[in-house]
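Trainee: I'd like to learn how to read a model like this one. Can we go through it feature by feature?

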Amino acid sequence: MLDRSVKTPCIGVCSTGIGDSVCRGCKRFSHEVIDWNRYTPAQKLAVDSRLSGFLSQCVSNRVRVIDRNLLRWQLDVQQIRFVEHHDEYCWAFSVLKAGAAQIIDTQKFGFEIDLRYRNLSLVEQREAIDQEFDTAVRTLTPRIAADLLHAHAVDPVPELGAGIVALLARRLV
């Protein structure tokens, strides 16, 4: 069922060591950072799916992928690090992280910025997406994250987006 290994989402700027409950770099909860090496593949997939789902949603609020194949080709040609099993919106964020200051025409990378946000530079877009991603992750309490982790360790599901929404709806009522 789990045919891929999940690498650590760590990007080397961990802030949990200075007291943050959510890492500013990888967006995992402090207990997820601490326990990562003890997690089963299903638990790692649950964390990875939760984070990539949130990121994808935040990117898709501002970005439209118009050519997935071109985006993928540019990632390879530009040698931009990305997670292959994440969706194209996570890939677009990888492009923004790597080259927002250098990109002139996003369509040459297979995506475009939503009309509502074209007044912002790509650097500002990247920062706004990251801020929205951070806010989305922080609204998920550690208890809900633990519930999701436990639920998907028992019954791992590759796509957690609907599960997150359903669980949040039950918890917030």
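Mentor: Sure, and keep in mind that this is a predicted model. Let's start with the chemistry of the pocket wall.

Trainee: How many residues in the lining of the largest pocket are nonpolar, polar and charged?

Mentor: Sort the lining by side-chain class and you get 15 nonpolar residues, seven polar and eleven charged. The lining has 33 residues in total, and those nearest the pocket centre are Pro9, Ile11, Arg81, Val83 and Lys97. The space in this largest pocket comes to about 960 Å³.

Trainee: Which helices each supply at least two residues of that lining?

Mentor: Look for H2 (41-60), H4 (88-99) and H5 (122-139). H4 gives the largest share, with six residues of the lining.

Trainee: Okay, now the fold. How many helices and strands does the chain have?

Mentor: There are seven helices and two strands. Walk along the sequence and the order reads α-α-β-α-α-β-α-α-α.

Trainee: What can I say about burial and contacts for the whole chain?

Mentor: Of the 173 residues in the chain, 43% are buried. For contacts, take the pairs that sit at least 6 apart in sequence: 61% of these join residues at least 24 apart. On the outside, the chain exposes about 9,700 Å², and 53% of that comes from carbon and sulfur atoms.

Trainee: Let me try a single helix. Which residues of helix H3 are buried?

Mentor: First the general idea. An α-helix makes a turn every 3.6 residues, so residues three or four places apart point the same way. Now the case here: in H3, which spans residues 68-77, the buried ones are Leu71, Gln74 and Leu75. Viewed down the axis of H3, the buried residues fall within an arc of 105 degrees, so they line one face of the helix.

Trainee: What covers the buried residues of H3?

Mentor: The cover includes strand E1 (63-65), H4 and strand E2 (111-113). You met H4 already as a contributor to the pocket lining.

Trainee: Next, backbone angles. Which residues should I look at for a positive phi?

Mentor: Try two that are not glycine. Lysine 27 has a positive phi of about 75 degrees, and glutamine 79 has a positive phi near 55 degrees.

Trainee: Where are they, and is each one buried or exposed?

Mentor: Lysine 27 is in the segment before helix H1 (30-35). With a relative accessible area of 1%, lysine 27 is buried, because the cut-off for that label is under 20%. Glutamine 79 is in the loop between H3 and H4, and at 72% relative accessibility glutamine 79 counts as exposed.

Trainee: Last topic: residues separated along the chain, and their distance in space. Where do I begin?

Mentor: Compare the sequence separation with the C-alpha distance. Alanine 128 and cysteine 58 are 70 residues apart in sequence, with 9.2 Å between their C-alpha atoms. Alanine 128 belongs to helix H5 and is partly exposed, at 21% relative accessibility.

Trainee: How far apart in space are the C-alpha atoms of histidine 31 and serine 21?

Mentor: Those two are ten residues apart along the chain, and 8.3 Å separates their C-alpha atoms. Histidine 31 sits in helix H1, and its relative accessible area of 26% makes it partly exposed.

Trainee: And what about a glycine pair?

Mentor: Take glycine 12 and glycine 25: they are 13 residues apart along the chain, and their C-alpha atoms are separated by 7.2 Å. Glycine 12 is in the segment before H1, where you also found lysine 27. Glycine 12 is exposed, with a relative accessible area of 62%, whereas lysine 27 is buried.

Note on methods
Residues are numbered from 1 along each chain as its sequence is written. This is a predicted model: local features need pLDDT of at least 70, side-chain atom pairs count only at pLDDT 80 or more; totals for chains, interfaces and linings use all residues. Side-chain values use heavy atoms; hydrogens and water are left out. On a 1 Å grid over the protein atoms alone, a cavity is a set of points where a 1.4 Å probe fits but cannot get out, and a pocket is an open set with protein on both sides within 12 Å along at least five of seven lines; lining residues have an atom within 4 Å of a point. Grid points are joined across faces, edges and corners, and a volume is the space filled by probe spheres set on the points. Helices (H or I, at least four residues) and strands (E, at least two) are DSSP runs, numbered from the N terminus. Ala, Val, Leu, Ile, Met, Phe, Trp, Tyr, Cys and Pro count as nonpolar, Asp, Glu, Lys and Arg as charged, and the others, Gly among them, as polar. Buried means under 20% relative accessible area, exposed over 50%, partly exposed in between (1.4 Å probe, protein chains only). Contact means heavy atoms within 4.5 Å. Accessible areas come from the Shrake-Rupley method with a 1.4 Å probe; for residues, only the protein chains shown count as cover. The arc is that of the directions from the helix axis to the C-beta atoms.
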